[in-house]
Amino acid sequence: MLKIKEKDYDKVALLLDEIPFNTLFARAVTDGIVKGEIYVDSIQSPRTAYIVHPYGMSLLCGDPTNYSFNEKLLYYLLDTNAEYRKRQEWLQVYPLQWEEVLAVLVKDKLVTYSDHLYAGNCERDYLLKETAHSHIIRWNRLNFKFVQPEQPLKPAPLPDGFELKRIDASMLKMAGSVVPQFFWNSYDDFLANGVAFGVVRDGRPVSIAFSAYIKDRNLEIGIETDLHYRGKGFALQSCHALINYCLDNDLTPVWSCRKENTCSLRLAEKLGFHISGMFPYYSLPG
């Protein structure tokens, strides 16, 4: 695995053209929008690539029979000493033959999540507690297609003291794991090229929906709600406003989530998204 420089990213971008699922996070790296990392088998003519977004999402694509690359890939995937990989990652692969390759490479370090085996939250929590620090877990990731509802969605009125607003510099910073600072190089960059709407209280957003990336008239939605304000419909309000912005500006809203993230799945369906595909999704130990 050779680390490629940004000036050569266009060679890797070609490998993404045939992938049938949402790769906007990887495009953000190959386009130089965010400072990620890309590893390849050959600097001059890459046949295989591993693309890492700074948020921790990654994509393995290209030739799955590239054995010299795969040998080094094994050390990266199971790097528990943080020599190569510094954090947990969520990995997608294409083509799907990579599933067979990963199963052979990591052997007993691979655990497949199953709704039948881990039917409830307790079983799922046990799986994560016992294995997530040392094993790769195979999940499923859903892609969605937005279909504008025939009957316009009408979210319930906000409680007193809350308002729905477009987020500007005065209220941009928000704590959480899915916020603009992890998807853009800087707040200034986001304010110049991105967009966000949120439910605000006392000048501070408690829920936010924002553009994680925009390319070719597609806008991928990122969503975060303060832990103390969840379950109140604020995420629905924020996302609804961002989707209306997309429709008014000839943008297609894009949504993806882990199948097991039932809150995100249900919210997507309420907003008019329909499942368009399901693909393997691997959590790598951090």
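Serine 211 sits in strand 10, which covers residues 204-215 of this predicted model. With a relative accessibility of 0%, serine 211 counts as buried, because the cut-off for that word is under 20%. So who are its neighbours? Leaving out residues up to four places away in sequence, serine 211 touches Trp184, Phe190, Gly194, Val195, Leu219, Glu220 and Leu242.

Now for the nonpolar cores. The largest one has 40 residues, and Ile38, Ile51 and Leu59 are those with the most contacts inside it. Helix 2 (residues 24-30) gives the most to this core, with 5 residues. Let's zoom in on isoleucine 51. Not counting residues up to four places away in sequence, isoleucine 51 touches Val12, Leu16, Ala26, Val29, Thr30, Glu37, Ile38, Met57, Ser58 and Leu59. There is also a second, separate core of 23 residues, and Phe144, Val195, Ile243 and Phe273 are among its members. You've met Val195 already: serine 211 touches it. As a rule of thumb, nonpolar side chains in soluble globular proteins tend to be buried together.

Next, a pair of helices. How do helix 3 and helix 4 cross? The axes of helix 3 (residues 67-77) and helix 4 (residues 97-106) come within 10 Å and cross at roughly 70°. That makes the two helices roughly perpendicular, because angles of 65 to 115 degrees get that label. The crossing of helix 3 past helix 4 is right-handed. On the helix 3 side, the contact is made by Asn70, Leu73, Leu74 and Leu77, while helix 4 brings in Trp98, Val101, Leu102, Leu105 and Val106. Sort these by class and you get 8 nonpolar residues, 1 polar and no charged ones.

Finally, let's look at some backbone angles. Most residues other than glycine have a negative phi, and most peptide bonds are trans. Which peptide bond is cis, with omega near 5°? Look at the one from tyrosine 94 to proline 95. Proline 95 lies in the loop between strand 5 (89-94) and helix 4. Positive phi values turn up at arginine 217 and at aspartate 250, and here is how the two look side by side:

| Residue | Phi | Loop | Relative accessible area |
|---|---|---|---|
| Arginine 217 | near 70° | between strand 10 and strand 11 (218-225) | 46%, partly exposed |
| Aspartate 250 | near 55° | between helix 7 (234-248) and strand 12 (252-254) | 60%, exposed |

Why is aspartate 250 called exposed? Because its relative accessible area is 60%, and exposed means over 50%. Arginine 217, at 46%, is partly exposed.

Key. Residues are numbered from 1 along each chain as its sequence is written. This is a predicted model: local features need pLDDT of at least 70, side-chain atom pairs count only at pLDDT 80 or more; totals for chains, interfaces and linings use all residues. Side-chain values use heavy atoms; hydrogens and water are left out. Axes are lines fitted to C-alpha atoms, for helices over the stretch in contact, and angles run from 0 to 180 degrees between N-to-C directions. Helices (H or I, at least four residues) and strands (E, at least two) are DSSP runs, numbered from the N terminus. Angles under 35 degrees count as roughly parallel, over 145 as roughly antiparallel, 65 to 115 as roughly perpendicular and the rest as oblique. A crossing is left-handed if the near helix is turned anticlockwise from the far one by less than a right angle, and right-handed if clockwise. Contact means heavy atoms within 4.5 Å. Ala, Val, Leu, Ile, Met, Phe, Trp, Tyr, Cys and Pro count as nonpolar, Asp, Glu, Lys and Arg as charged, and the others, Gly among them, as polar. A nonpolar core is a set of buried Ala, Val, Leu, Ile, Met, Phe, Trp, Tyr and Cys residues joined through side-chain atoms within 4.5 Å. Buried means under 20% relative accessible area, exposed over 50%, partly exposed in between (1.4 Å probe, protein chains only).
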